[in-house]
Amino acid sequence: MRIVVLTGAGISAESGVPTFRDAGGLWEGHRVEDVATPEAFERDPDTVQRFYDQRRHAVARAEPNPAHDALARLERELGDDLLVVTQNIDGLHEQAGSRRVLHMHGELLQALCARCGARSPVMADLLERPPCPTCGERMLRPDVVWFGELPYHLDEIDEALLACDEFAAIGTSGAVYPAAGFVMTAADWGAHTIELNLASSEIAPLFDEVRHGPASIVVPAWVDEVLAARA
Ligand code: NAD
């Protein structure tokens, strides 16, 4: 049985990483247009760099919760039959032990050089303008996908969605495309689809099954069921 799991900000909420839409449409007090678009970066790079530097510091203090742990456990059992696709930039899946993770919206811990395109681990606050380790230019930006930019790994994700038997969406509001459309692709190709969320998302009616509750409770329970069905 091949499973694709899509995760969103809700899976990290109980790790103390605030979600985006639950705070009245603001992300840590900022309008998304002011911190998460290429236009914002062009207009006011310092505000954008400071925002992501702060997010990176906050995430460094966060620990995976039982939902991240359960997905890592599922990967240990299923191996290549599980793929986690995350919209999160926090790195908590890897901290929990997951290895088969596609970061469709990039990673806070990585920088992208706007001059040469090289990626490198962030070693200092980007507001301080550290040099790119590859070309030496001081033009690093966070390696995150901003609104209006093309998400990463879309071909690989599409391939996995076409081939999966089960698609689970965890802690995502279903408001950000193309991730919100994955359930339709998976369902069109015959997968069973399930949403695990605190409350129904905007696209809950598209799923075969919906379960409500905090991720730290509903995700480990779902993983137990999947593994019991295989035994
Ligand atoms: P979102 O903030 O739009 O929606 C969060 C969803 O999680 C909601 O549907 C909410 O009901 C649910 N939720 C909240 N607490 C939960 C819990 N304890 N258990 C289960 N579900 C819970 O998130 P999104 O759909 O991922 O879209 C936001 C975008 O902002 C993403 O693309 C992401 O890149 C970015 N973002 C990332 C992080 C992070 O990396 N942790 C945090 C905030 C925003």
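This passage goes through strand pairing, salt bridges, surface patches and backbone oddities in a predicted model.

Strand β2 is a good place to start. Running over residues 82-86, β2 is mostly covered, with five of its five residues buried. In a regular strand the side chains alternate between the two faces of the sheet. In β2 both of those faces turn out to be covered: Leu-82, Val-84 and Thr-86 are buried on one side, and Leu-83 and Val-85 are buried on the other. The neighbours of β2 are β1 and β3. Strand β1, residues 3-7, pairs with β2 in the parallel sense over five bridges, while strand β3, residues 101-103, runs parallel to β2 and is joined to it by three bridges. Thr-86 gives a handy reference point here, since it stands opposite Thr-7 and has His-103 as its bridge partner in β3.

Further along the chain, β7 (residues 166-170) and β8 also pair in the parallel sense, over five bridges. Strand β8 is largely enclosed by the rest of the structure, because five of its six residues are buried. Thr-193 sits in β8 and stands opposite Phe-167. With a relative accessible area of 0%, Thr-193 is buried. Its C-alpha atom is 6.8 Å from that of Val-183, a residue ten positions away along the chain.

Turning to charged side chains, the model has eleven salt bridges. Three of them show rather varied settings. The pair Arg-56 and Asp-53 meets at 2.8 Å, N to O. These two residues are three apart in helix α3 (residues 45-60), so about one helical turn separates them. Both partners are out of the way: Arg-56 is buried at a relative accessible area of 9%, and Asp-53 is buried at 3%.

A second salt bridge links Glu-137 and Arg-115, at 3.5 Å from N to O. Glu-137 lies in the loop between β5 (119-121) and β6 (140-144) and Arg-115 in the loop between β4 (106-113) and β5, so this contact ties together parts that are 22 residues apart in sequence. As for cover, Glu-137 is partly exposed, with a relative accessible area of 32%, whereas Arg-115 counts as exposed at 51%, given that the cut-off for exposed is over 50%.

Salt bridges that share partners also join Arg-31, Asp-34 and Arg-43 into one network. Within that network, the closest N and O atoms of Asp-34 and Arg-43 are 3.9 Å apart; the cut-off is 4 Å, so the pair still counts as a salt bridge. Asp-34 is partly exposed, with a relative accessible area of 28%, and Arg-43 is exposed at 57%.

Not every acidic side chain is in such a pair. Asp-155, Glu-156, Asp-158 and Glu-159 form a negative surface patch. Glu-156 belongs to helix α6, residues 154-163, and counts as partly exposed at 44% relative accessibility. There is a nonpolar patch on the surface as well, formed by Tyr-177, Met-184 and Leu-206, which together have about 300 Å² of accessible area. Of these, Leu-206 lies in the loop between β8 (192-197) and β9 (209-212) and is partly exposed, with a relative accessible area of 38%.

The backbone has a few quirks worth a look. Most residues other than glycine have a negative phi, and most peptide bonds are trans. Tyr-177, already met in the nonpolar patch, is joined to Pro-178 by a cis peptide bond, with omega about 10°. Pro-178 is placed in the loop between β7 and α7 (182-188). On the phi side, Arg-129 comes out positive, near 55°, and His-153 does too, at about 65°, although it is not a glycine. Loops host both residues: Arg-129 is found between β5 and β6, and His-153 between β6 and α6. Neither is buried, as Arg-129 counts as partly exposed at 30% relative accessibility and His-153 is partly exposed with a relative accessible area of 34%.

How values were computed. Residues numbered from 1 in each chain as written. Predicted model: local features only at pLDDT ≥ 70, side-chain atom pairs only at ≥ 80, totals over all residues. Heavy atoms only, no water. Patch = residues over 30% accessible without salt bridge, like charges linked within 9 Å, V, L, I, M, F, W, Y side chains within 5 Å. Areas by Shrake-Rupley, 256 points an atom, 1.4 Å probe, with all protein chains shown as cover. Lys, Arg positive; Asp, Glu negative; His and termini not counted. Charge placed at Lys NZ, Arg CZ, Asp CG, Glu CD. Helix = DSSP H or I, 4+ residues; strand = E, 2+ residues; numbered from the N terminus. Buried < 20%, exposed > 50% of the residue type's maximum accessible area, 1.4 Å probe, protein only. Pairing = 2+ DSSP bridges.
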